[in-house]
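Subject: Structure for you to look at

Hello,

I am passing on the structure we talked about. Please open it alongside the notes that follow.

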Amino acid sequence: MGASSFPELAHPSRPVRRRLLAGLAGAALALRAVPPAHATPEALAAALTETFGARPLQPGRVRIEVPQLSEDGNVVPVNLAVESPMSAEDHVRAIHLFAERNNQPRVIEFRLTPAMGLARVSCRIRLSASQRIQAVAEMNDGTLWTAAAEVEVTNAGCGL
């Protein structure tokens, strides 16, 4: 569709231009008035319940390696490991990572199989602010193991 489809936009008159500019200015002000969303510990608890139901989270077996201080929240390196023989009888089915104050508390989920040999994964994540991250390992027998770590972010990621 070119300007010929909308003749009033080919050579807009002053009233059309003013309405367009006023609408754009109003939209810009409305966007600035809405503060960025932050998740809360309650949102994290809701995400955990939604993901795992009422199953209890047990501390242990999970190790998180993450810098305590990250200068850039856009690229925070995270290494996750779970103590497991990774055999057919005893293995990690999934590793979930949550961030307490990100807009979306669920950060990433890794699916694993016994064929992997080790229950270790690495990634880079975005963090919107200094916060606690929590990893949950879901075992093949349905048990859940967890660990958490605090990360101080000096320059926030996630578009904030």
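Which side chain does the side chain of R106 join through a polar contact of 3.0 Å? In this predicted model, the partner is T51.

Some context on R106. The residue is part of strand β6, which covers residues 106-111. Because its relative accessibility is 42%, between the 20% and 50% cut-offs, R106 is classed as partly exposed. Setting aside residues up to four places away in sequence, R106 touches T51 along with A47, E50, L97 and F98. R106 is also 8.1 Å from L44, C-alpha to C-alpha, with their positions 62 residues apart in sequence.

Now the interior. The largest nonpolar core contains 28 residues, and I64, V78, L80 and I133 have the most contacts inside it. At least two residues of this core come from each of β2 (62-65), β4 (76-82), β5 (92-99), β7 (120-125), β8 (131-139) and β9 (144-153). Strand β9 provides the largest share, five residues. Another core, of seven residues, lies apart from that one; A47, F52, F98 and V136 are among its members. Two of these names came up above: R106 touches both A47 and F98.

As for V78, its contacts, leaving out neighbours within four places in sequence, are I64, E65, V66, L97, V121, S122, C123, I125 and I133. L97 is thus listed for V78 and also among the residues that R106 touches.

Regards

Definitions and conventions. Residues are numbered from 1 along each chain as its sequence is written. This is a predicted model: local features need pLDDT of at least 70, side-chain atom pairs count only at pLDDT 80 or more; totals for chains, interfaces and linings use all residues. Side-chain values use heavy atoms; hydrogens and water are left out. A nonpolar core is a set of buried Ala, Val, Leu, Ile, Met, Phe, Trp, Tyr and Cys residues joined through side-chain atoms within 4.5 Å. Buried means under 20% relative accessible area, exposed over 50%, partly exposed in between (1.4 Å probe, protein chains only). Helices (H or I, at least four residues) and strands (E, at least two) are DSSP runs, numbered from the N terminus. Contact means heavy atoms within 4.5 Å. A polar contact is a pair of N or O atoms within 3.5 Å; within protein, one must be able to donate a hydrogen and the other to accept it, and residues adjacent in sequence count only if both atoms are side-chain atoms.
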